[in-house]
Amino acid sequence: MKTGWRQALSKFVRDRAALIGSVIILGLILCAIFAPYLAPFPDDVYEFHTSNRLRAPDGVHYFGTDRMGSDVLSRILFGARITIMIAVIAISITVAIGVPIGLIAGYYGKWPSDALMRVSDIFLAIPQVVLAIAIAQTLGPSIENVILALSATYWPFWARLVYAETRSVKNEIFIESAIALGAPPWRVMLLHVLPNIASAIIVRTSIGMGNTILTAAILGFLGLGAPPPAPEWGRMIAESREFLPEAWWYATAPGLAIFLVVMGFNLLGDGLRDILDPRIRRAASREE
Amino acid sequence: MRRLEIIVSRLAWFVPTIVGLLIIIFTISHIIPTDPVRVLAGDNATQEQLDALRKEYGYDKPLPIQFINYLKDVATGNLGISIFTKRPISETMWHRLPATLELTFAAVFLSVLFGIPLGVLSALKRNSLFDHVLRVITVSGLAVASFWLAMELQFLFSMNLAVAPLNGRISGFGPDPITGFFVIDSLLIWDMESLRSALSHMILPAITLALPAAATIVRFTRAGVLEVINSNFVLYERAMGIPWPLIVWKYVLRNALISTVTQIGLIFGVFLSGAVVVETVFDWPGIGAYAVNSILQSDYKAIMGFTIWTGAIFLIVNLITDIAHTLIDPRSSQ
């Protein structure tokens with residue numbers, strides 16, 4: 001086992017995609033933690049200087065200023081906090097709901113599996129963004145509601161993934177022997193099934209973070225995210241629309257931030273997939 | 001007759017799924033913290049007026065009865081009246097649907113046109129410079145926020161270079177609606193001016209929608225082709241001395257595209273959610289822009305109506321892809 005992990009680690013370092021991805025994500029986390037120290041104008045998140053509005057990038061404001069005269073770079077750095085918070089909490093809730101449901105349905109088969117399939121069919125019948133918009137709109141714009149809307153609409157994907165993985169592991173001999181030795185179901189699921197499907201879950205977590213950040217940005221863009229003046233990236237882009245084409249930097253900077261972060265998670269996910277489990281893609285398409 | 005069995009079971013499942021969808025939507029619309037009757041009546045309404053309205057709209061009945069009534073309404077195509085436009089929501093949806101479908105079909109066309117050949121090429125030239133560059137492009141295409149891409153395309157091509165219109169669907173009023181699809185309508189009456197205008201308005205939004213879909217298609221086609229190339233029957237055919245281009249064209253493509261076709265149903269979902277933001281940025285008069293307007297005006301009934309429509313369209317498209325899949329792939333009929 002140990003050599004397996006060491007091998008995976010050396011593969012990871014050699015895989016350029018995964019490496020670039022993790023560097024980007026590390027950067028995001030550092031930006032979020034040290035935003036008050038990194039930001040050239042940390043007070044600009046809530047303070048306005050209207051005389052200074054819509055300044056083009058220069059030596060003082062590296063990414064220019066926005067419609068309120070606030071420093072765009074400072075707002076983007078603080079926005080990283082919102083982005084990470086939404087993505088981490090939403091994905092944690094999603095995993096916490098989806099993994100147990102998928103495990104139980106996949107392990108027992110029969111009616112739990114039917115029930116899961118039918119319920120997730122219904123959820124998957126609407127594009128996630130559309131359902132999330134409906135929920136976020138009904139509950140009103142706030143970060144909590146965005147998180148709720150994202151997790152309520154994303155768990156079926158996870159349940160389906162874990163279900164498919166569990167099914168493919170369940171008939172392996174080591175599972176059968178554990179059952180034959182009298183291990184209770186919860187023990188088989190937690191100690192024998194879960195570790196064997198963990199790599200699939202890890203890969204999906206990374207790609208899921210990217211997806212969630214994109215969807216959260218759409219909600220923010222539509223005005224359903226954190227209420228102003230929170231420096232939410234999607235909302236910043238929405239605010240910048242009326243100032244194109246003159247204030248080109250205003251929309252460009254937060255858009256690049258979203259792009260970079262989502263790219264980071266996708267690259268990491270891709271890299272991890274190649275390293276940990278080359279058969280995941282096929283397992284996912286076998287779901288039906 | 002396994003093929004027929006699949007199709008029948010899929011069709012039978014269609015109605016319960018729609019009902020389940022309606023339960024979710026109904027639940028969402030009934031956990032609204034604000035009282036819909038109060039929104040409707042305005043701030044100055046008296047208690048009597050509120051009660052009268054509540055009775056008129058059936059909000060005084062118990063929830064299960066309300067749900068049954070809601071089901072009846074939806075089954076007869078009645079989605080209610082928009083609070084803001086005061087027009088039936090179904091009517092507006094029908095009116096706006098052709099615009100969304102026209103844009104979606106254009107995006108499907110673009111993404112398949114570029115996605116499949118590029119995917120095949122990158123698989124055949126695996127690990128070449130071309131493959132690596134394409135990988136970077138597809139990963140980027142999946143990471144970019146569509147609303148931002150839309151704005152940047154507008155900024156570059158409409159505002160600075162002035163080679164494409166900024167927004168809208170056509171200059172002027174457009175051809176008289178026959179099908180509602182401007183491209184088809186202008187061809188039917190042979191109006192080249194309208195056709196040119198319709199196409200030039202469509203190009204930027206279609207590219208925005210098509211980019212993530214094309215990236216997905218490239219990746220799936222590439223993976224599919226690679227899997228087939230490494231299979232034993234291709235090795236056998238090569239050993240038999242069949243020319244390589246013939247093997248690719250006749251045997252590899254056919255097998256590889258099966259997985260791509262099943263993806264198109266899922267990709268359609270990407271288009272529908274993409275349409276919401278892309279239509280908003282480009283002022284495209286489809287159902288996506290309508291949904292966003294309804295959101296901004298807190299028009300709950302319209303949002304629920306849009307959700308039902310999207311769900312129904314998505315289900316129908318996936319039903320069609322499933323059926324197409326059983327027809328294309330002989331293995332599923334055994």
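1. Buried here means under 20% relative accessible area, exposed means over 50%, and partly exposed lies in between, with a 1.4 Å probe and protein chains only. By that rule Asp270(A), at 8% relative accessibility, counts as buried. Asp270(A) comes back in points 5 and 6.

2. On the basis of these notes: this is a predicted model, in which local features need pLDDT of at least 70 and side-chain atom pairs count only at pLDDT 80 or more, while totals for chains, interfaces and linings use all residues. Residues are numbered from 1 along each chain as its sequence is written, chains are lettered from A and ligands numbered from 1 in the order in which they are written, and side-chain values use heavy atoms, with hydrogens and water left out.

3. Chain A has 12 helices and zero strands; helices (H or I, at least four residues) and strands (E, at least two) are DSSP runs, numbered from the N terminus. Its C-alpha atoms fill a box of roughly 75 × 45 × 25 Å along the principal axes. Of the 288 residues of chain A, 56% count as buried. Among contacts in chain A with a separation of 6 or more, 73% come from residues 24 or more positions apart, a contact being heavy atoms within 4.5 Å. The exposed area of chain A is about 12800 Å², with 66% of it supplied by carbon and sulfur atoms; such areas come from the Shrake-Rupley method with a 1.4 Å probe, and for residues only the protein chains shown count as cover.

4. Helix H11 of chain A covers residues 248-276. Its 29 residues should span 42 Å at 1.5 Å a residue, and the end C-alpha atoms are 42 Å apart, which agrees; the expected span is 1.5 Å times one less than the number of residues. Because 24 of the 29 residues of H11(A) are buried, this helix is largely enclosed by the rest of the structure.

5. Within H11 of chain A, Asp270(A) forms a salt bridge with Arg273(A), the closest N and O atoms being 3.7 Å apart. A salt bridge is a side-chain nitrogen of Lys or Arg within 4 Å of a carboxyl oxygen of Asp or Glu. The two residues are three apart in the helix, so about one helical turn separates them. Both Asp270(A) and Arg273(A) are buried.

6. Asp270(A) also pairs with Arg219(B) in a salt bridge, with the closest N and O atoms 3.1 Å apart. This pair crosses between chains, from helix H11 of chain A to helix H9 (residues 192-229) of chain B. Arg219(B) is partly exposed, with a relative accessible area of 28%. A network of salt bridges links Asp270(A), Arg273(A), Arg135(B) and Arg219(B). Over all chains the count comes to five salt bridges.

7. Two residues of the backbone of chain B deserve a check. Most residues other than glycine have a negative phi. Asn127(B), not a glycine, has a positive phi of about 65 degrees; Asn127(B) lies in the loop between helix H5 (89-124) and helix H6 (129-143) of chain B, and counts as exposed at 55% relative accessibility. Asp283(B), also not a glycine, has a positive phi of about 50 degrees. Asp283(B) sits in the loop between helix H11 (244-281) and helix H12 (287-296) of chain B, and is partly exposed at 48%.
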